[in-house]
Amino acid sequence: MRTTAAVLWELGGKWEVEEVELDPPNAGEVLVELAASGLCHSDEHLVTGDLPVAYPMVGGHEGAGRVLEIGPGVTDVAVGDPVVMTFLPSCGRCSYCVRGFTNLCNDGAGATLGPQLDGTYRFHGRGEDIGQMCLLGTFAKHTVVPVKSVVKIDEGFPLHLAALVGCGVTTGFGSAVRTAELRAGDTAVVIGVGGIGANAIQGARIAGCRYVVAVDPVEFKREKAVELGATHVAASMDEAWNVVSEITRGQLADAAILTTGIAEGSYLQPALQLVGKKGRVVITALGHPDEDTASISLLDLTLYEKQVRGSLFGSSNGQHDVPRLLELANLGQLKLEELVTREYTLEQVNQGYEDMREGRNIRGLIRY
């Protein structure tokens, strides 16, 4: 079939919206008609090269829609089912999946390489094969994805809001609840209030933290953080240290979660200074691919038993966590509609990313 997609043809280029060819699903794959796609910062990394990929690439990895066609051997979903697409597949059989670490599934190793799991391509245009961001390519009205990357959800939940749980909500919530292991009565600091940080704030609130300090230089984002559950805000990590020190009587935070647009090596030591004994610093933001240095106090790390933890997809299990998060939204505990700052057509994708770069959005959303 032919469909419309936003394609990145080269490093540093613009998203180009055009008609492309889309093959039918192969074995273990499904064709999905998209309802919406989130504009996540990770797709901006494709443009800047902070996430190295092979071009061309259909962008987008946060989406939801309905199954239009199933490939051979697919039994988990049926035509017409509403689904959320997760940006990491889960085979359920590798060593990591069977231990419950489905976010580290071996099938995720090639998620940003372009082709599908069998090494072939589904999108084609201008005489070339076109890859799919995280095997998905949600910047398209239709896409073919592995059934391992979809989660069937209950009928009736608004699909444009369910799309947010494919990446940002689950990653942010899980960073707080799963990776940082926040509990009732804890103090958390969230550094960077974007699509991920906003949901780390929600995760900390739902976990029962007594204090949640949101750090962002943009006033609009600090205001939004309070709406989502932050008890205190600060414009910088230095300012946050004064706040955290005062409200905890010098004990400092139990966890600091780094959800900035880019994880810079220079952020690590200030983040570690925000946490006290046994404190965890969770790195959810992506760093530069060629940066491998960061300065930290090893003495503090040892004497105070502080920890630095990486977080991929918020250490979450998509098949379990996506439905649970939607239930939390139904119960009014998790805010989804409030996350969407602006909606765009697919043709406005570049404007959406300009708004993100200028700090005008918590989450931009493409509606099909």
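# Close-up views of a predicted model

**View 1. Strand β10 helps to line the second largest pocket.** Strand β10 (residues 150-152) supplies the largest share of this lining, 3 residues. The model is predicted. The second largest pocket holds a volume of about 160 Å³. Its lining is made of 13 residues, and D76, S90, V147, V150 and Q319 are the closest to the centre. By type, the lining residues of this pocket split into 5 nonpolar, 5 polar and 3 charged.

**View 2. The largest nonpolar core has 45 residues.** In soluble globular proteins, nonpolar side chains tend to be buried together. Here L182, I201 and L336 touch the most other members of the core. Helix α10 (residues 318-330) contributes the most to this core, with 5 residues. A second core, separate from this one, has 35 residues. L39, L136, F313 and Y344 are among them.

**View 3. I201 and its contacts.** Which residues is I201 in contact with, leaving aside its neighbours within four places in sequence? They are V190, V193, V212, A214, A225, L228, G229 and A230. I201 is also one of the residues that touch the most other members of the largest nonpolar core.

**View 4. Cysteines without disulfides.** A disulfide is a covalent bond between the sulfur atoms of two cysteines. A search of the whole structure finds 0 of them. Why is C94 not bonded to C97? The sulfur of C97 is the closest cysteine sulfur to that of C94, but it lies 3.7 Å away, which is too far for a bond. The cut-off for a disulfide is 2.5 Å between the sulfur atoms. C105 is in no disulfide either. Its nearest cysteine sulfur, in C91, is 3.6 Å away. Are these two cysteines, C94 and C105, buried or exposed? C94 is buried, because its relative accessible area is 10%, and buried means under 20%. C105 is buried as well, with a relative accessible area of 5%.

**View 5. Helix α1 is mostly covered.** This helix spans residues 41-48, and 6 of its 8 residues are buried. They are S42, D43, E44, H45, L46 and V47. What do the buried residues of α1 pack against? Their partners are strands β1 (2-8), β2 (15-22) and β4 (57-58), together with helix α11 (349-357). G49 follows α1, and the phi of G49 is positive, near 90°.

Terms used: Residues are numbered from 1 along each chain as its sequence is written. This is a predicted model: local features need pLDDT of at least 70, side-chain atom pairs count only at pLDDT 80 or more; totals for chains, interfaces and linings use all residues. Side-chain values use heavy atoms; hydrogens and water are left out. On a 1 Å grid over the protein atoms alone, a cavity is a set of points where a 1.4 Å probe fits but cannot get out, and a pocket is an open set with protein on both sides within 12 Å along at least five of seven lines; lining residues have an atom within 4 Å of a point. Grid points are joined across faces, edges and corners, and a volume is the space filled by probe spheres set on the points. Helices (H or I, at least four residues) and strands (E, at least two) are DSSP runs, numbered from the N terminus. Ala, Val, Leu, Ile, Met, Phe, Trp, Tyr, Cys and Pro count as nonpolar, Asp, Glu, Lys and Arg as charged, and the others, Gly among them, as polar. A nonpolar core is a set of buried Ala, Val, Leu, Ile, Met, Phe, Trp, Tyr and Cys residues joined through side-chain atoms within 4.5 Å. Buried means under 20% relative accessible area, exposed over 50%, partly exposed in between (1.4 Å probe, protein chains only). Contact means heavy atoms within 4.5 Å.
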